[in-house]
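Biologist: Please show me the sequence and the model, and then let us discuss them step by step.

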Amino acid sequence: MPRQFFVGGNFKMNPISRAQKKIIIDELNAADLDPNTEVVIAPPSLYLLPLKDIVRNDIKVSAQNCYCKTSGAYTGEISPAQLADAGIPYVIIGHSERRTLFHETSELVAQKTKAALDGSLSVILCVGETLQEREAGKTTQVVESQLREVVTVLNESDWDRVVIAYEPVWAIGTGRVATAAQAQEVHAYIRQYLSTAVSSAVSGNTRIIYGGSVTAANCKELSTQIDVDGFLVGGASLKPEFVNIINVKRN
């Protein structure tokens with residue numbers, strides 16, 4: 001069965017006003033979107049509930065992060081159980097900004113992934129290497145080590161609700177983007193690793209999407225790669241061109 005194309009929009013710590021939020025959502029609500037593409041948007045937690053109530057039904061809403069505990073004395077955190085209770089179906093886990101700025105280890109990312117899945121959420125799991133690691137020829141080694149921690153704690157059936165986002169850190173917000181060949185190479189490696197570490201079924205069914213300065217201008221070639229199943233879009237998800245990225249397989 002073909003893997004459904006997936007386009008996620010990570011708003012990060014944007015927008016900064018209700019007026020800006022309304023412009024973004026109004027454009028999405030009015031757009032002619034490819035019905036064969038799964039669309040998920042991830043606003044800041046403050047906007048999750050109001051946005052869920054105004055965005056069209058064929059666009060899902062995701063949290064940008066959650067903690068690995070169901071409840072407790074964890075000031076400032078949101079639990080998977082709370083997100084599920086609020087009707088939020090997705091959460092992004094392990095984004096490079098969480099790993100670098102907030103010092104989340106791959107072990108913690110794995111714990112959070114397991115907690116989210118146990119809490120009935122679907123997970124957009126981010127992996128990727130820094131520029132120094134790529135230049136040192138360590139890309140596949142880094143990505144495998146990040147995935148290995150997750151593989152260790154998940155059951156095979158858990159992977160039905162995981163989307164892997166390969167996001168080279170050197171391409172996020174920099175304007176630099178991996179070439180189609182570079183993206184395909186890493187995606188193919190991830191798929192091969194899943195086949196060995198989990199199962200051939202999980203390898204074949206898991207969607208692996210690319211993130212890192214994705215725009216309407218560069219998404220077409222990337223989308224033609226056999227192992228690129230979509231995108232996790234940053235800055236461009238706040239702009240009208242996000243619609244073009246969503247529709248890339250239809251154009």
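**Burial, fold and selected residues**

Biologist: What share of the 251 residues of the chain counts as buried?

Modeller: The model is a predicted one: local features need pLDDT of at least 70, side-chain atom pairs count only at pLDDT 80 or more, and totals for chains, interfaces and linings use all residues. Residues are numbered from 1 along each chain as its sequence is written, and side-chain values use heavy atoms, with hydrogens and water left out. A residue is buried under 20% relative accessible area, exposed over 50% and partly exposed in between (1.4 Å probe, protein chains only). Of the 251 residues in the chain, the buried share is 52%.

Biologist: How many helices and how many strands are there in the chain?

Modeller: Both kinds of element are DSSP runs numbered from the N terminus, with H or I and at least four residues for a helix, and E and at least two for a strand. On that basis the chain has 11 helices and 8 strands.

Biologist: Why is the chain said to be as compact as a globular protein of that length?

Modeller: The radius of gyration is taken over C-alpha atoms, and the globule rule is 2.2 Å times the number of residues to the power 0.38. For 251 residues that rule gives 18 Å, so the chain is as compact as a globular protein of that length, its radius of gyration being close to this at 17 Å.

Biologist: What percentage of the contacts with a separation of 6 or more comes from residues 24 or more positions apart?

Modeller: A contact means heavy atoms within 4.5 Å. Among contacts in the chain with a separation of 6 or more, the residues 24 or more positions apart account for 72%.

Biologist: How far apart do the centres of the positive and negative side chains lie?

Modeller: Lys and Arg count as positive, Asp and Glu as negative, while His and the chain ends are not counted. Each charge is placed at NZ of Lys, CZ of Arg, CG of Asp or CD of Glu. The chain has 24 positive and 27 negative side chains, and the separation between the centres of the two sets is 3 Å.

Biologist: Which residue of strand β8 touches Phe-5, Phe-6 and Val-7?

Modeller: Strand β8 spans residues 230-233. The residue in question is buried, with a relative accessible area of 0%. Leaving out residues up to four places away in sequence, its contacts also include Cys-219, Leu-222 and Ile-245. The residue is Phe-231.

Biologist: Is Ile-245 buried or exposed?

Modeller: Ile-245 is placed in helix α11, residues 241-246. Beyond its neighbours within four places in sequence, Ile-245 is in contact with residues including Val-7, Val-214, Cys-219 and Phe-231. With a relative accessibility of 0%, Ile-245 counts as buried.

Biologist: How are the rings of Tyr-67 and Tyr-74 arranged, and what is that kind of pair called?

Modeller: Rings of Phe, Tyr and Trp (its six-membered ring) pair if their centres lie within 6.5 Å; planes under 30 degrees apart count as stacked, over 60 as edge-to-face and the rest as tilted. The structure holds 4 aromatic pairs. The ring centres of Tyr-67 and Tyr-74 are 4.9 Å apart and their planes are at 45°, so the pair is tilted.

Biologist: What does Lys-69 touch, apart from residues up to four places away in sequence?

Modeller: Lys-69 sits in the loop between β3 (59-63) and α3 (80-85). With a relative accessible area of 40%, Lys-69 is partly exposed. The residues that Lys-69 touches are Tyr-74, Ser-79 and Pro-80.

Biologist: Which residue follows Asn-14 through a cis peptide bond?

Modeller: The bond has omega near -10°. The residue after Asn-14 lies in the loop between β1 (6-10) and α1 (18-30). Lys-12, which has a positive phi of about 55° although it is not a glycine, is found in that loop between β1 and α1. The residue that follows Asn-14 is Pro-15.

Biologist: What is the relative accessible area of His-103?

Modeller: His-103 belongs to the loop between α4 (96-101) and α5 (106-118). Its phi is near 60°, a positive value in a residue other than glycine. His-103 is exposed, and its relative accessible area is 63%.

Biologist: How far apart in space are Ser-203 and Gln-192, C-alpha to C-alpha?

Modeller: Ser-203 lies in helix α9, residues 200-205, and is buried with a relative accessible area of 8%. Gln-192 is one of the residues that Ser-203 touches. The two are 11 residues apart in sequence, and their C-alpha separation is 6.9 Å.
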